[in-house]
Amino acid sequence: MRENRNKKRKWLWIVLSIIGLLVLGTGGYAFYLYKTASDTVAKIQEDIGRDVSEKRPEAVAFKDKDPISVLLLGVDERKGDRGRSDSLILLTVNPNKKSMNMVSIPRDTRTEIIGKGKEDKINHAYAFGGTEMAINTVENFLDVPVDYFVKVNMESFKDIVDAVGGVEVNNTLEFTQDGKTFNKGSISLDGESALSYTRMRYEDPRGDFGRQDRQRQIIQAVIAKGANISSLTKFGEMFKVVENNVKTNLDMNEMWSIQENYKDARNSMEQFQIKGKGDMIGGVYYYIVPEEERTGLSNQLKEHLELEPSTASTN
């Protein structure tokens, strides 16, 4: 059971990335089904009690192509329990540079939990105070605004790939994973096989770097496939996946504006890793991020968001 949960955590960021990016990738076609899309978006709304982040001097103007940030939040919700966030990924989207940045925040990162008055693992913020506390804690940790969020049920990865009718990727290394053999060259993957394809690490001489390349392949393939779907049936499947697995504060008009003004940003995506090391504090394992690393990453994100850089620590 523990092994299965660990695997889910490793690969959840793929689910999050795809769900968030489908807003950019499929919008131009999906909104021909405006009524269905409107009904779906209305059902997945979650209010976090604010309109604009305190870390923004003024509200985002889509028509001016202001860069935006989106927190992709993966949650493991249990019956009768809010659960915890198993993955936190911040996307910054700059339509002027036609690029996106992706930062995966280790779930064990030790930081101040905003609203709780103590330091703890960053993924505990959701357990303590839900989406609002998780967002406020991420904002404080990275010292950047979180304009929007997309919260995803961690079980939905296979459904997402299947909803776009599967994907094709170019495999550069023959290997076997979960009883499936993946040959070199162009291969077709359904949801289950795509999950296995992204899991393999130990047979790859590049180790985790090879695995990350395969993860990017799947994300890019889903975006490309979603952007070219014209089947009403497939759109219906995608809407159902979203309705059953997603919550967001993006409304219909905002999604439309993102599709209209930001879609070219999906063509270039850069990933950042937060460097740190594990340590035991009071018998509990934490991931410790040095202040210079946190500040450096914060300034990179601010530059991408076209905001003023930090001049002093906020943590």
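Which residue lies over the face of phenylalanine 175, and at what distance from the ring centre? The answer opens the second of these close-up views, which all come from a predicted model.

**View 1. The whole chain sets the scene for the close-ups.**
Before zooming in, take a look at the fold as a whole: the chain has 9 helices and 14 strands. Of its 315 residues, 52% are buried. Contacts often reach far along the sequence: among those between residues at least 6 apart, 66% join residues at least 24 apart. The chain exposes about 14,900 Å², and carbon and sulfur atoms supply 46% of that area.

**View 2. Two arginines sit over aromatic rings.**
Here is the reply to our opening puzzle: arginine 214 lies over the face of phenylalanine 175, 5.3 Å from the ring centre. A second example involves tyrosine 286, whose ring has the charged end of arginine 110 over it, at 4.7 Å from the centre.

**View 3. Aromatic rings gather in a cluster.**
Now look at rings beside other rings. A pair of aromatic rings is described by the distance of the centres and the angle of the planes. The count for this structure is 5 aromatic pairs. Find Phe62, Tyr148 and Tyr262, which together form one aromatic cluster.

**View 4. Lysine 151 and glutamate 46 meet in a salt bridge.**
Side chains of opposite charge can pair when their charged atoms come close. The structure holds 14 salt bridges, and one of them joins lysine 151 to glutamate 46, with an N to O distance of 2.9 Å. The partners are 105 residues apart: lysine 151 belongs to strand 6 (residues 148-153), while glutamate 46 is in the loop between helix 2 (34-43) and strand 1 (68-78). Lysine 151 counts as buried because its relative accessible area is 8%, under the 20% cut-off. Glutamate 46 is partly exposed, at 21%.

**View 5. Aspartate 143 and lysine 55 link two loops.**
In this salt bridge, the closest N and O atoms of aspartate 143 and lysine 55 are 2.9 Å apart. Aspartate 143 is in the loop between helix 3 (124-142) and strand 6, and lysine 55 is in the loop between helix 2 and strand 1, so this pair connects parts of the chain 88 residues apart. Is each partner buried or partly exposed? Aspartate 143 is buried, with a relative accessible area of 11%, whereas lysine 55 is partly exposed at 31%. Lys302 joins in too: Lys55, Asp143 and Lys302 are linked in a network of salt bridges.

**View 6. A salt bridge forms within helix 9.**
Follow helix 9 (residues 291-305) to find arginine 294 and glutamate 291, which are 3 residues apart, about one turn of the helix. An α-helix has 3.6 residues a turn, so residues three or four places apart point the same way. The side chains of arginine 294 and glutamate 291 meet in a salt bridge, with N and O 2.7 Å apart. Arginine 294 is buried at 4% relative accessibility, while glutamate 291 is partly exposed at 30%.

**View 7. Helix 9 can be followed from end to end.**
Helix 9 has 15 residues, and at 1.5 Å a residue it should span 21 Å; its end C-alpha atoms are 21 Å apart, so the two values agree. Its buried residues include Leu297, Leu301 and Leu305, along with Lys302 and His304. Just after the helix comes glutamate 306, which has a positive phi, near 60°.

How values were computed:
Residues are numbered from 1 along each chain as its sequence is written. This is a predicted model: local features need pLDDT of at least 70, side-chain atom pairs count only at pLDDT 80 or more; totals for chains, interfaces and linings use all residues. Side-chain values use heavy atoms; hydrogens and water are left out. Rings of Phe, Tyr and Trp (its six-membered ring) pair if their centres lie within 6.5 Å; planes under 30 degrees apart count as stacked, over 60 as edge-to-face and the rest as tilted. A charge sits over a ring if NZ of Lys or CZ of Arg is within 6 Å of the ring centre and within 35 degrees of the ring normal. A salt bridge is a side-chain nitrogen of Lys or Arg within 4 Å of a carboxyl oxygen of Asp or Glu. Helices (H or I, at least four residues) and strands (E, at least two) are DSSP runs, numbered from the N terminus. Buried means under 20% relative accessible area, exposed over 50%, partly exposed in between (1.4 Å probe, protein chains only). Contact means heavy atoms within 4.5 Å. Accessible areas come from the Shrake-Rupley method with a 1.4 Å probe; for residues, only the protein chains shown count as cover. The expected span of a helix is 1.5 Å times one less than its number of residues.
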